[in-house]
Amino acid sequence: MRPIQMVDLKAQYEKIKEEVNAAVLEVLDSAAFINGKPVQAFSEQLAAYLHVKHVIPCANGTDALQIAMMALDLQPGDEVITPSFTYIATTEVVALLRLKPVFVEVDPKTFCMDVEALKKAITPKTKAIVPVHLYGHAANMEAIMAVAQEHNLFVIEDNAQAIGGAFTFSDGTTKKNGTIGHIGCTSFFPSKNLGGYGDGGAIFTNDDTLAEKLRMIANHGQKVRYYHEVVGCNSRLDTIQAAILQIKLRELDNYINARRSAADYYDKVFANHPKITTPYRAPYSHHVFHQYTLILEGVDRDALHQHLAAKQIPSMIYYPVPGHRQNMFASFGLTQVEMPITDWLTERVISLPMHTELTEEQLQYITTQVLEFVNR
Ligand SMILES: *Cc1c(COP(=O)(O)O)cnc(C)c1O
C-alpha cells in the first residue's frame with residue numbers, strides 16, 4: 001500500500017505530469033514570468049467556471065482577504081464580524097488593517113458562522129461580515145446575505161477551503177461559493193482544493209466598481225502606471241502558477257468528486273457510531289471536503305492522533321488554538337471573550353487524510369485503525 005498522506009500531491013501530480021511540465025517549460029521559454037498570458041487566461045477560465053464577472057488574481061489567500069477589506073474604505077475601529085473557529089488568516093488581516101475583529105460562534109453542525117450569533121454581534125460600528133466556508137462546507141449564505149442587507153453591511157466570503165462548492169437557495173437557484181457576497185476570496189496554496197505548486201490567490205466580485213478598485217489596490221494603487229491613486233500593495237499571481245492552475249482547474253470537478261467519494265466511504269463506516277459525529281452536509285451546501293473532520297466524544301482525541309501516527313496514518317487538528325485564544329489578539333481584548341462552542345469543538349475535532357488520490361485499501365486501513373482505537 002502506498003504510504004498515506006494528509007494530502008498526496010505527488011500522486012496527483014503523476015497523473016498530470018506531462019501536461020504540467022510542458023506548461024511550465026512554455027512559461028520559461030516565454031520569459032514572461034510576471035503577468036504572462038496564462039495569468040489573464042486562467043482568470044477568465046476561473047470566472048467562467050464560477051459564473052462570476054471578475055476574477056482578480058493575487059499572490060495568496062491572505063492577500064486576497066486583505067485587499068478585499070482595503071477596497072471597502074473602512075475606518076480604524078470599524079467592526080468586522082468573523083468566526084473565531086477558522087484559519088488565522090481570516091481574522092489576522094482585520095487586525096492588520098486596524099479594524100476590530102468581532103468573533104462569533106459557529107454552528108457546531110456545519111462548523112460555519114452561526115447566524116443567530118451574527119445577528120447579536122451587530123453594532124452601529126459593524127461594517128462587514130466575513131463568513132468562512134470551513135472544511136469545504138458552505139456557510140448559510142442566504143441567511144447571512146439577508147442579515148447583511150438589513151443592516152447595510154458588506155460580505156466578504158473566505159472561500160479558501162470551498163472552491164468549486166455551491167450554495168442552493170430556497171428558490172432552488174444555485175451559486176458557486178465565493179460569488180454570493182460582495183467579494184469572495186480564495187487561496188491556491190498547494191494543499192487547497194484548487195492548489196498551485198507555490199503560493200497564489202484570487203478575489204471574485206460581480207461589482208464593476210469594486211473590481212476596478214480591487215485590481216488597483218493589488219497593483220500599488222495604480223490604474224495608469226506610475227500614477228498611484230490610493231495606497232495599495234504588490235500582490236500578483238505568478239505566470240508559472242497560473243499555467244499550472246489552468247490545468248488543475250480542468251480537473252477540479254473530478255478532484256471534488258474524488259474527495260466526495262472518500263468522504264462517502266468514511267461516512268458509511270462511521271455512521272451511527274455513538275462516539276463519532278461525521279461531517280454534517282446541510283441541504284443547501286454542495287460539500288467539497290477540503291477536510292474530513294470528525295467530532296469525537298468520550299474518546300481521548302490526542303491519544304487517537306498518536307495511535308494513528310504509530311500506524312503511519314497522519315491526522316490533524318484544524319485548528320488547535322482558535323482566534324479568541326491567540327496572543328496576537330490580546331491587545332484587542334479578544335482573548336477575554338467566551339466562546340464555549342468554539343472551545344468545545346477545538347477540543348473534539350480531528351481531521352483524517354483527505355485528498356484526491358485515496359484508494360479503497362487506504363480508506364479501509366484508516367477506518368479500521370480509527371475504530372480499533374475508538375472501540376477500545
Ligand atoms: C488557506 C486559508 C487562507 C489563506 O490562504 P494563503 O494562501 O495561505 O494565504 C485563508 N483562509 C482560510 C480559511 C484558509 O484555509
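**Exercise 1.** Determine which element gives the largest share of the shell around the ligand in this predicted model.

*Solution.* Start with the shell: 14 residues surround the ligand, each with a heavy atom within 4 Å of it. Gly 61, Thr 62, Asp 158, Ser 187 and Lys 192 are the closest. Next, assign elements, taking helices as DSSP runs of H or I with at least four residues and strands as runs of E with at least two, numbered from the N terminus. H3 gives the largest share, three residues.

Residues are numbered from 1 along each chain as its sequence is written. Local features need pLDDT of at least 70, side-chain atom pairs count only at pLDDT 80 or more, totals for chains, interfaces and linings use all residues, and side-chain values use heavy atoms, with hydrogens and water left out.

**Exercise 2.** Find the atoms of Gly 61, Gln 161 and Ser 187 that lie 2.8 Å, 2.8 Å and 2.7 Å from a ligand oxygen, respectively.

*Solution.* For Gly 61, take a backbone N or O atom. For Gln 161, take a polar side-chain atom. For Ser 187, a polar side-chain atom is again the one to pick.

**Exercise 3.** Describe how strand S3 (residues 100-104) is placed.

*Solution.* First, pairing: S2 (residues 79-83) runs parallel to S3, and five bridges join them. One of the bridge partners is Pro 101 in S3, opposite Val 80. Second, connection: S2, H4 and S3 make a right-handed β-α-β unit, the path from the first strand over the helix to the second running clockwise with the strands pointing away from the viewer. Third, burial: four of the five S3 residues are buried (under 20% relative accessible area, 1.4 Å probe, protein chains only), so the strand is largely enclosed by the rest of the structure.

Note on methods: A polar contact is a pair of N or O atoms within 3.5 Å; within protein, one must be able to donate a hydrogen and the other to accept it, and residues adjacent in sequence count only if both atoms are side-chain atoms. Buried means under 20% relative accessible area, exposed over 50%, partly exposed in between (1.4 Å probe, protein chains only). Two strands pair if DSSP finds at least two bridges between them.
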